[in-house]
Amino acid sequence: MCVSKAGRLVVLVSGSGTNLQALLDASADPSYGARVVAVGADRDGIEGLVKASKAGIPTFVEKLGNYPTRADWDAAIAAKIAEYDPSLVVSAGFMKILGAPTLEAFPVLNTHPALLPSFPGAHGVRDALAHGVKVTGCTVMLADAGVDTGPIVAQETVPVLPDDDEAVLHERIKTVERRLLVEIVGRMVREGWTVSGRIVRIGNQTGGEST
Ligand code: GRF
């Protein structure tokens, strides 16, 4: 199937890439309407890059430490993403904050393993567990310049069970997170979306309009 520019995804990863794999699996069905055209990372030797290569998807790595300044890295990763002409960038476990060059050029969707605005940052699962919450979940949001502060697109809840540790709870969340991310990416590329202040609406749009 010929996928239009509207369905071109660049996925950014830093780890195991199970969210990436869920997107790859979903895009095998032509009716999904999107496909992963490239996978980028901020580090070598991660399972996410292996998953991309196994699927025959081009990969790139931009390490922050290889650039003299953060601004240079911001410009470099934006330029690399632009080579693949995506309609949507998906930050799927990418452990870097993207700078203005990327955020101003592309819509960026991010996923987080907690119910924002509670427990943002790199340790959302650990922080929720330590706080003693009985319900947590996952959030799919549009990225902005902050740490997990962008407009929320979708959330789902996940129970915290008495014997949970961070790893067990994170795996329970990720099962829900993968399904939600796949659903939301598909709906956004097929139906379009609008953003009005912090309110994101999917559907009946031509795609990616901000008001
Ligand atoms: C996800 O839970 C994501 O929200 C978090 O890190 C995890 C990445 O998992 N930031 P994977 O690499 O997609 O398996």
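**Close-up views of a predicted model**

**View 1. Phe119 lies in the loop between S5 and H5.** Welcome to a predicted model, starting with its backbone. The phi angle of Phe119 is near 60°, a positive value in a residue that is not glycine. Pro117 belongs to the loop between S5 and helix H5 (124-131) as well. The peptide bond that joins Leu116 to Pro117 is cis, with omega at about 10°.

**View 2. The ligand sits in the largest pocket.** Which elements give two or more residues to the shell around the ligand? They are helix H1 (18-26), strand S5 (108-112) and helix H6 (166-191). H6 gives the most, with three residues. If you are picking residues to display, the shell consists of Gly15, Ser16, Gly17, Thr18, Asn19, Gly93, Thr111, His112, Pro113, His170, Lys174 and Glu177. Sorted by class, nine of the shell residues are polar, two are charged and one is nonpolar.

**View 3. Oxygen atoms of the ligand meet polar atoms of His170, Lys174 and Thr111.** Here we zoom in on individual contacts. From the side chain of His170, a polar atom lies 2.7 Å from a ligand oxygen. Thr111 takes part through its backbone, where a polar atom is 3.3 Å from an oxygen atom of the ligand. For Lys174, the distance between an N or O atom of the side chain and a ligand oxygen is 2.7 Å. How much of the ligand's area does the protein bury? Taken alone the ligand exposes 370 Å², and the protein buries 90% of that.

**View 4. Phe60 and Tyr84 form a stacked aromatic pair.** Now let us leave the ligand and look at aromatic rings. The structure holds two aromatic pairs, and the one shown is made by Phe60 and Tyr84. Their ring centres are 6.0 Å apart, with 10° between the planes. Where in the chain do the two partners come from? Phe60 is in strand S3 (residues 59-61), while Tyr84 is in the loop between helix H3 (70-82) and strand S4 (88-91). The two residues are 24 residues apart, and the pair links distant parts of the chain.

Terms used:
Residues numbered from 1 in each chain as written. Predicted model: local features only at pLDDT ≥ 70, side-chain atom pairs only at ≥ 80, totals over all residues. Heavy atoms only, no water. Near = heavy atom within 4 Å. Polar contact = N/O pair within 3.5 Å; in protein donor to acceptor, adjacent residues only side chain to side chain. Areas by Shrake-Rupley, 256 points an atom, 1.4 Å probe, with all protein chains shown as cover. 1 Å grid on protein atoms, 1.4 Å probe; cavity = no way out; pocket = protein on both sides within 12 Å on 5 of 7 lines; lining within 4 Å. Sits in = over half its atoms within 2 Å of the grid points. Helix = DSSP H or I, 4+ residues; strand = E, 2+ residues; numbered from the N terminus. Nonpolar A, V, L, I, M, F, W, Y, C, P; charged D, E, K, R; others polar. Phe/Tyr/Trp six-rings, centres within 6.5 Å; stacked < 30°, edge-to-face > 60°.
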